[in-house]
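Here are some exercises to help you find your way around a new structure. Try each task on your own, then follow the solution step by step.

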Amino acid sequence: MRFIPIIAARPEIQMAIDEAIMRARIEGRVEDTVRLYIFKPSSITIGRFQSVEHDVDMDKCRELNIPVVRRITGGGSVFHDEYGEITYGVIIGENAHPDLKDINASYRFLASPLVAALRELGLNADFAGLNDIIANGKKISGSAQTRRKGVILQHGTFMYATRVDILASVLKVSKKKLADKGVSSIWERVTTLEREGVEMAMMEVYELLKQKFFEEFPLEEGELTDYELELVEKIIEERYGKDEWNFSR
């Protein structure tokens, strides 16, 4: 498997990279791939079928210069803090491991390095529901997935110092959703390493996550191919760079 070192870029580029790797993997041009990356500037991604109007405060996003891009994966709206969150992505064939055939098991298998990292830091970490990871009872990571022609794309967050006040101001979280989780505010629902008393610099978090992925998967460091980079440009033009894609639901 290939590991792509950390990339910091705008959301339309990051989402296009994930999709380009998936397309190249479907075509058999590249191997299964893991990567870690950062949204720069801080950004919002919304799920494939989500409504921007319903889930995102666009006035606040414009005020804070936070771009919004729609993913090809499911799930809800996510605030990716340039200064406090690292995103992981795994593109892998369904036949690589027996757990990957089952949706629930696959989420846990592919995100297991995140749980291992949290536990190494001394936090009480585990999976919750289909696609969340909790630390000391609060959500610290969420993942989303899509499958095409026998290939899985799963990506998700790892919040080490996400500014929860900004998260709460740009995302519209319904009172019903919070009530379903047994809490009254997003502050009770979400946490970060920093909020749990673990202060780490971004590169320290990156190296820890990288280590855990290397322990879990047979990885070798590599880079994006010229073919993938060409696909990235094409995909941005046809999808993530277009308002019709990002805001039309």
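**Exercise 1. Find out how much space lies in the second largest pocket, and what lines it.**

Step 1: The space in the second largest pocket comes to about 200 Å³. A pocket here is an open set of points on a 1 Å grid over the protein atoms alone, with protein on both sides within 12 Å along at least five of seven lines, while a cavity is a set where a 1.4 Å probe fits but cannot get out; lining residues have an atom within 4 Å of a point. Grid points are joined across faces, edges and corners, and the volume is the space filled by probe spheres set on the points.

Before going on, a word on the ground rules. This is a predicted model, where local features need pLDDT of at least 70 and side-chain atom pairs count only at pLDDT 80 or more, while totals for chains, interfaces and linings use all residues. Residues are numbered from 1 along each chain as its sequence is written, and side-chain values use heavy atoms, leaving out hydrogens and water.

Step 2: Count the lining: 15 residues, with P67, V68, D243, N246 and F247 nearest the centre of the pocket.

Step 3: Sort them by type, and you get eight nonpolar, two polar and five charged. For this sorting, Ala, Val, Leu, Ile, Met, Phe, Trp, Tyr, Cys and Pro are nonpolar, Asp, Glu, Lys and Arg are charged, and the others, Gly among them, are polar.

Step 4: Look for the elements behind the lining: α3 (58-64), β4 (68-70) and α10 (243-247) each give at least two residues. Helices (H or I, at least four residues) and strands (E, at least two) are DSSP runs, numbered from the N terminus.

Step 5: Zoom in on D243, which sits in helix α10. D243 is exposed, with a relative accessible area of 53%. The cut-offs are under 20% for buried and over 50% for exposed, with partly exposed in between (1.4 Å probe, protein chains only).

**Exercise 2. Work out where R2 sits and what its side chain reaches.**

Step 1: Locate R2 in strand β1.

Step 2: Check its accessibility: at 4% relative accessible area, R2 is buried.

Step 3: Follow the side chain of R2 to the backbone oxygen of E223, at 3.0 Å. The side chains of R2 and E228 are also joined, by a polar contact of 2.7 Å. A polar contact is a pair of N or O atoms within 3.5 Å; within protein, one must be able to donate a hydrogen and the other to accept it, and residues adjacent in sequence count only if both atoms are side-chain atoms.

**Exercise 3. Search for cavities, then look at Q145 and its partner Q154.**

Step 1: Searching the whole structure for cavities of 30 Å³ or more turns up one. The largest cavity holds about 30 Å³ of space.

Step 2: Read off its lining: Y107, A111, F127, L130, N131, D132, I133, S143 and Q154. Two or more of these residues come from each of α4 and β8 (132-135).

Step 3: Move to Q145, found in strand β9 (residues 138-148). Its relative accessibility is 10%, so Q145 counts as buried.

Step 4: List its neighbours beyond four places in sequence: Q145 touches T73, G74, I103, S106, Y107, I152, L153 and Q154. Contact means heavy atoms within 4.5 Å. With Q154, the side chain of Q145 makes a polar contact of 2.7 Å.

**Exercise 4. Compare the span of helix α8 with what you'd expect, and see what it packs against.**

Step 1: Helix α8 (residues 202-216) has 15 residues. The expected span is 1.5 Å times one less than the number of residues.

Step 2: From first C-alpha to last, α8 reaches 21 Å, close to the 21 Å expected.

Step 3: Pick out its buried residues: V205, Y206, L208, L209, K210, K212 and F213. They pack against β1 (2-9), β2 (33-39), β6 (85-93), α4 (103-120), β10 (151-159) and β11 (220-221).

**Exercise 5. Track down some backbone oddities in the loops.**

Step 1: Go to the loop between β2 and β3 (43-46), where P41 lies. The peptide bond from K40 to P41 is cis, with omega near 5°.

Step 2: Visit N136, in the loop between β8 and β9. N136 isn't a glycine, yet its phi is positive, about 50°. N136 is partly exposed, at 38% relative accessible area.

Step 3: Finish at K149, in the loop between β9 and β10. Phi of K149 is positive too, near 50°, and K149 is exposed, at 77%.
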